[in-house]
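Thanks for coming. I'll take a few minutes to walk through one structure, and I'll start with a single residue before moving to the sheets.

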Amino acid sequence: MIQKQELLDCHQRIKPFIHRTPVLSSRLINTKAGAEVFFKCENFQRGGAYKMRGATNAILQLTNEERSKGVVTHSSGNFAQAVSLGAKSLGVTAHIVMPNSAPEVKKTGVKEYEGIIYECEPTLEAREKTANQIAEKTGATLLHPSNDIDVIIGQGTAAMELLEDHPNLNAIFCPVGGGGLIAGSALAAHYFGNDCKVFGGEPFEADDAYRSLQSGKIEGNETTNTIADGLKTTLGSNNFPIIKEHVSGIIRVTEEEIVSAMQLIWERMKIIVEPSSAVTLAALLRDKENFKGQQVGIVISGGNVDLSKLPF
């Protein structure tokens, strides 16, 4: 079990390397949701997503000898950029395995942060195999995007900050892909919230986490035909036990609801969010009767959008 002090220590460790992102709200969205909604805007984080937190923490926990051999990860985009930027900040070589279907904007980000890209087929098996081969060949430390304990702890610091700013939240919503963010957020809510529940938002088209909570074991995705490209991965052995114990539920949403929520945030809040982030607001709006009159936090996970391929 990850302890409260580990989250506190992590936050102090990564502070020099991350932004403390703002918390924004919208009167119209509050009215539409029937709740007070507070958006933790990790789209303003370094690298454009919350994943800078976990990546930086994981690299900082390595020994000098391990850092000298570099790090390797596999990611469709945001963790790839986070590891590249975190590694660059600390003078560490970053080997990045990306599916050849990854958005061009995310590949460009990795290159700008001096990550070395290795493309592979867009399957989890191909990603893991390629990353393992690189680790074996170079001696680089493999950093899992969502199932590494240090990564999970780092991701939880976003919800920690949100609860520092709004300690009486009744609920926090997170998108669910690999499970690192929602597991870290659930730990933060457990240790720093005042009876604050955590809920996940997930596409019907990639609902492995929803089904995993139903069955009590990690399920795979039956389809990944979703616009939320960051949510196509599955849960892991380290984060699933945390999710089982501390997450109150997962709300599934349609592709149309994701696009509608994404557009609503763009129009009303004037901020850029990616589809994976919009899943959370879509989930709240779909189930708003259960959150009427409550204070709800939403983690906007990222804003790395390919502007040439907007869905609206």
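Leaving aside its neighbours within four places in sequence, which residues is Ser301 in contact with? Keep in mind as we go that this is a predicted model. The contacts of Ser301, with those neighbours set aside, are Glu42, Gly48, Ala49, Tyr50, Pro175, Leu181, Ser276 and Ser277. With Ser277 there is also a polar contact, side chain to side chain, at 2.8 Å. As for where we are in the chain, Ser301 lies in the segment that comes after β10, which covers 295–300. Ser301 is buried, because its relative accessible area is 4%, and the cut-off for buried is under 20%. One distance to note is the one to Val273: the two residues are 28 apart in sequence, and their C-alpha atoms are 8.0 Å apart in space.

Now the sheet that β10 belongs to. There are six strands in this open sheet, and the order is β1-β2-β10-β7-β8-β9, with mixed pairing. Which strands stand at the edges? They are β1, residues 23–24, and β9, residues 249–253. Each has a single partner strand, so one side of each is left without a neighbour in the sheet.

Look next at β8, residues 197–203. Strands β8 and β9 run parallel and are joined by five bridges. One residue to find there is Gly201, whose bridge partner in β9 is Ile251. Towards β7, five bridges again join the strands, and β7 and β8 run parallel. In that pairing Cys174 stands opposite Gly200 of β8. Is β8 largely enclosed or left open? Largely enclosed by the rest of the structure, because six of its seven residues are buried. A helix lies across this part: α10, residues 208–215, covers β8 and β9 and runs at about 140° to β9. There is also a charge and ring arrangement to point out, where the charged end of Arg252 sits over the ring of Tyr210, 3.7 Å from the ring centre.

That brings me to the aromatic residues. How many aromatic pairs does a search of the whole structure find? Four. One of them is Phe173 with Phe199, a stacked pair at 5.6 Å centre to centre, with 25° between the planes. This pair links distant parts of the chain, since Phe173 is in strand β7, residues 171–175, and Phe199 is in strand β8, 26 residues apart. Phe173 is buried, with a relative accessible area of 0%. Phe199 is buried too, at 13%.

A second pair, Trp266 and Phe312, is edge-to-face, with 5.5 Å between centres and 80° between the planes. Trp266 lies in helix α12, residues 255–269, and Phe312 in the segment after β10, so the pair ties together parts that are 46 residues apart in sequence. Phe312 is partly exposed, with a relative accessible area of 37%. Going back to Phe173 and Phe199, those two form one aromatic cluster together with Phe291.

Last, the other sheet. This is an open sheet of four strands in the order β5-β4-β3-β6, and the pairing is parallel. At its edges are β5, 116–120, and β6, 141–142, each pairing on one side only. Strand β3, residues 71–74, is joined to β4 by four bridges. Within that pairing, Val72 has His95 as its bridge partner in β4, and Thr73 stands opposite Ile96.

Why is β4 described as largely enclosed by the rest of the structure? Because six of the six residues in this strand, 94–99, are buried. In a regular strand the side chains alternate between the two faces of the sheet. For β4 both faces are covered: on one side Ala94, Ile96 and Met98 are buried, and on the other His95, Val97 and Pro99 are buried.

Two helices pack here. Helix α5, residues 78–89, lies across β3 and β4, at about 170° to β4. Helix α6, residues 104–112, packs on the sheet and touches β4 and β5, with its direction making about 170° with that of β4.

That is all I have for today.

Conventions. Residues numbered from 1 in each chain as written. Predicted model: local features only at pLDDT ≥ 70, side-chain atom pairs only at ≥ 80, totals over all residues. Heavy atoms only, no water. Pairing = 2+ DSSP bridges. Helix = DSSP H or I, 4+ residues; strand = E, 2+ residues; numbered from the N terminus. Contact = heavy atoms within 4.5 Å. Axes fitted to C-alpha atoms, helices over the stretch in contact; angles between N-to-C directions. Buried < 20%, exposed > 50% of the residue type's maximum accessible area, 1.4 Å probe, protein only. Polar contact = N/O pair within 3.5 Å; in protein donor to acceptor, adjacent residues only side chain to side chain. Phe/Tyr/Trp six-rings, centres within 6.5 Å; stacked < 30°, edge-to-face > 60°. Lys NZ or Arg CZ within 6 Å of the ring centre and 35° of its normal.
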